[in-house]
Amino acid sequence: MAFVDVLRQRYPQYEERTDEELVEAYRKKYHPDRTADDLEAAFQRKQEKQQQKLKDETSFFDAFTTGLYRGTRQTGALLGDALPAIAADLVGADDYRDRQLQEYQETMADIEAKAPSAVRTFRDIDDAGDAGLYAAETIGQFIPSIATSLLGGGVGGFVGKKAAEVALE
């Protein structure tokens with residue numbers, strides 16, 4: 001997350017300001033002796049340090065359970081917020097669509113806040129330990145999606161089989 005994004009979350013009352021105006025106002029008030037580039041660099045160093053600490057403190061089991069939690073929440077948000085938003089858009093229910101999309105975005109932000117990834121992307125893999133953490137979390141994260149696919153396919157297959165049996169009678 002970029003420094004300006006953190007400021008936007010922290011100070012939503014200034015949403016009408018441009019990114020540059022928001023950063024400059026923050027800099028003048030809290031760090032007048034530093035440049036905006038200095039603040040961004042310090043923020044990035046802090047983010048990298050926190051990410052490394054998270055990697056160092058995360059076991060394979062923790063990565064798997066974090067992935068499972070993230071996947072469960074993401075799948076729930078997809079089914080409970082994103083798909084209804086798409087359906088609402090198709091029928092012209094714009095207010096409902098917008099509320100559902102807002103809920104989806106809030107859920108995604110909540111997931112990231114409560115269960116951040118130890119290794120966010122394959123580009124963040126620095127060694128075999130990181131690769132193991134990434135694999136464990138990814139497997140955990142995909143289990144809910146796979147389960148809903150299998151469940152949907154299983155139900156569809158059962159209904160199709162019963163329909164065929166009834167048609168043959």
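Me: Before we get going, contact here means heavy atoms within 4.5 Å. With that in mind, which residues in H2 do Phe3, Val4, Leu7 and Arg8 in H1 meet?

Reply: Keep in mind that this is a predicted model. H1 covers residues 3-10 and H2 covers residues 19-30. On the H1 side the contact uses Phe3, Val4, Leu7 and Arg8, and their partners in H2 are Asp19, Leu22, Val23 and Tyr26.

Me: How do the residues of that contact of H1 with H2 divide into nonpolar, polar and charged?

Reply: Phe3, Val4 and Leu7 come from H1, facing Leu22, Val23 and Tyr26 among others in H2. Sorting the contact residues by type gives 6 nonpolar, no polar and 2 charged.

Me: Are H1 and H2 roughly parallel or roughly perpendicular to each other?

Reply: Two packed helices are described by the angle between their axes and the distance between the axes. Here the axes of H1 and H2 come within 10 Å and cross at roughly 80 degrees. Angles of 65 to 115 degrees count as roughly perpendicular. So the pair is roughly perpendicular.

Me: Which helix gives the largest share of the largest nonpolar core?

Reply: That core has 10 residues, including Phe3, Val4, Leu22, Leu39 and Phe43. H1, H2 and helix H3 (36-57) each supply at least two residues of it. The largest share, 4 residues, comes from H1.

Me: Leaving aside neighbours within four places in sequence, what is Val4 in contact with?

Reply: Val4 belongs to the largest nonpolar core, and it is also one of the H1 residues that meet H2. Skipping its neighbours within four places in sequence, Val4 is in contact with Asp19, Leu22, Val23 and Glu40.

Me: How many residues are in the second, separate core?

Reply: This one includes Ala118, Val119, Leu133 and Ala136. Its full count is 5 residues.

Me: Is Gly80 buried or partly exposed?

Reply: Gly80 lies in helix H4, residues 60-90. Its relative accessible area is 38%. Buried would need under 20% and exposed over 50%, so Gly80 is partly exposed.

Me: How far apart in space are Gly80 and Glu103, C-alpha to C-alpha?

Reply: Along the sequence, Gly80 and Glu103 are 23 residues apart. In space, their C-alpha to C-alpha distance is 9.3 Å.

Me: Zooming out, what pattern does the protein follow along the sequence?

Reply: The protein has 6 helices and 0 strands. Read along the sequence, that gives α-α-α-α-α-α.

Me: And what percentage of the residues in the protein is buried?

Reply: The protein has 169 residues. It exposes about 11500 Å², with carbon and sulfur atoms supplying 58% of that area. The buried residues make up 24%.

Technical notes: Residues numbered from 1 in each chain as written. Predicted model: local features only at pLDDT ≥ 70, side-chain atom pairs only at ≥ 80, totals over all residues. Heavy atoms only, no water. Axes fitted to C-alpha atoms, helices over the stretch in contact; angles between N-to-C directions. Parallel < 35°, antiparallel > 145°, perpendicular 65-115°, else oblique. Nonpolar A, V, L, I, M, F, W, Y, C, P; charged D, E, K, R; others polar. Core = buried A, V, L, I, M, F, W, Y, C linked by side-chain atoms within 4.5 Å. Buried < 20%, exposed > 50% of the residue type's maximum accessible area, 1.4 Å probe, protein only. Areas by Shrake-Rupley, 256 points an atom, 1.4 Å probe, with all protein chains shown as cover.
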